[in-house]
Amino acid sequence: MDDRNDIGAETANDQAAAPYGSGTVATRTGLDVGTSKVVTARGDSKQASTNAQLNAFVTVPYSALTQNTLQGNGIAHYREGDDLVVYGTSAEQFAHMFNAECRRPMAKGILNSREPRATHVLEAILGSLVPQARTAGEVIAFSVPAAAAETGSDITYHEETLKRYLKGRGYSPLAVNEGLAVVLAELAGESFTGIGISCGGGMCNVALSYLSIPSLTFSLAQGGDFIDSAVGAVVHEPATRVKAIKEDNFDLTRSSDDKIAKAIHIYYDKLIESLVEELHRAVTRSQRLPRTDKPLPIVLAGGTSMPKGFRDRFEQLMRRRPLPFETVFRSLEANSPGPIQWGYLTRRIGKMDVS
Ligand SMILES: Nc1ncnc2c1ncn2[C@@H]1O[C@H](COP(=O)(O)OP(=O)(O)OP(=O)(O)O)[C@@H](O)[C@H]1O
Ligand SMILES: [Mg+2]
């Protein structure tokens with residue numbers, strides 16, 4: 001298989017959606033390469049098991065003793081020159097212990113060109129999650145963001161780097177636009193017609209799909225990381241502390257006198273406003289809107305959409321900027337974004353005839 005089957009990805013052909021056939025049920029792997037987390041789901045059309053690693057690392061000076069200790073404790077690492085690079089989920093525990101900040105191979109949805117170790121670390125993380133393909137040419141579907149004004153051609157580099165790596169592990173890689181992945185995972189009952197929105201760590205990705213063919217995709221290069229750093233800057237707290245507070249059952253429906261909570265509210269609002277604004281602009285400019293009498297379903301997914309009240313705020317702001325067609329919000333099928341969502345995607349891919 002060559003890359004022409006990519007779905008809604010930047011390097012795909014215009015009408016490149018893979019057809020849904022009655023293809024045999026086979027093992028498939030879905031790989032969500034997120035700015036904060038890398039998640040795999042492996043299985044067939046009936047069930048999938050998932051695995052995840054934080055997309056992060058820290059470096060410590062090399063010594064034989066440290067390396068032995070890391071090895072003895074099963075902490076994922078490799079040696080590079082005078083450094084030991086601790087990567088994946090272990091990196092966060094390590095950073096907490098040493099009061100250091102984790103570094104990230106990716107920023108705003110793609111490989112971070114300002115991080116010299118980016119590619120090597122990401123490949124190490126992928127290596128711990130993606131086994132060698134069992135049969136040559138086994139399909140792996142991986143997420144890619146849509147281009148944002150700031151990302152430009154770096155996205156091609158990001159996508160190609162991942163493809164080459166996955167081909168090297170024996171797979172046929174299939175790039176899937178992240179917004180479209182939400183539609184494929186959640187809107188089977190609507191014949192994959194609707195708007196999928198993934199609000200992640202580095203960005204928000206949006207796809208408007210008609211019968212699984214994306215007619216509009218875009219991304220906003222802001223997500224949870226933006227909230228963490230913007231809040232951190234105004235309240236003079238480290239972004240990691242803000243992130244922990246934000247992830248601990250934060251409730252957007254409750255106002256608070258606490259200055260960190262107040263600032264989180266303000267920047268959540270700013271993020272949702274920008275997203276609604278961008279959606280309105282993209283839809284009203286588009287020449288390729290589906291004609292349908294039924295309201296178009298919208299699904300909100302991704303870690304940043306998790307706080308209580310996120311969807312209500314989104315709906316409220318959309319009422320101020322209505323789209324030229326009716327919409328209806330749908331809950332996530334699994335009521336939990338992330339790994340489970342990719343489990344669904346894997347099942348869908350398991351049914352796709354991509355050969
Ligand atoms: N319960 C929660 N409440 C609020 N925010 C959360 C919660 N859980 C995770 N997040 C935030 O969601 C973001 C990560 O979401 P997700 O895993 O969907 O992103 P990603 O796929 O790694 O990134 P991207 O898609 O932008 O490349 C982080 O900013 C994290 O702080
Ligand atoms: Mg994501």
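**Ile140 and the nonpolar core**

In this predicted model, Ile140 touches Thr29, Leu31, Leu166, Tyr171, Pro173 and Leu174, with residues up to four places away in sequence left out of the count. Ile140 also belongs to the largest nonpolar core, a set of 78 residues. Together with Phe57, Phe142, Val176, Ile197, Val299 and Leu300, Ile140 is among the members that touch the most other members. Helix 8, spanning residues 259-285, supplies the largest share of this core, namely eight residues. In soluble globular proteins, nonpolar side chains tend to be buried together.

**The shell around ligand 1**

Ligand 1 is surrounded by 25 residues, of which Gly34, Thr35, Gly200, Gly224 and Gly303 come nearest. Two elements give two or more residues to this shell: helix 6 (224-235) and helix 7 (239-247). Helix 7 gives the most, with three residues. By class, the shell comprises 14 polar, six charged and five nonpolar residues.

**Positive phi angles outside glycine**

Most residues other than glycine have a negative phi. Lys108, which is not a glycine, nevertheless has a positive phi of about 50°. Lys108 lies in the loop that connects strand 7 (106-107) and strand 8 (110-111). Because 22 other C-beta atoms lie within 10 Å, Lys108 is buried; the cut-off for this class is 20 or more.

Ser191, also not a glycine, has a positive phi of about 55°. Ser191 is found in the loop between helix 5 (178-186) and strand 11 (194-199). Ser191 has 12 C-beta neighbours inside 10 Å and therefore counts as exposed, the limit for that class being 12 or fewer.

Methods. Residues are numbered from 1 along each chain as its sequence is written. Chains are lettered from A and ligands numbered from 1 in the order in which they are written. This is a predicted model: local features need pLDDT of at least 70, side-chain atom pairs count only at pLDDT 80 or more; totals for chains, interfaces and linings use all residues. A nonpolar core is a set of buried Ala, Val, Leu, Ile, Met, Phe, Trp, Tyr and Cys residues joined through C-beta atoms within 7 Å. Helices (H or I, at least four residues) and strands (E, at least two) are DSSP runs, numbered from the N terminus. Two residues are in contact if their C-beta atoms, placed from the backbone, lie within 7 Å. A residue is near a molecule or strand if its C-beta atom, placed from the backbone, lies within 6 Å of it. Ala, Val, Leu, Ile, Met, Phe, Trp, Tyr, Cys and Pro count as nonpolar, Asp, Glu, Lys and Arg as charged, and the others, Gly among them, as polar.
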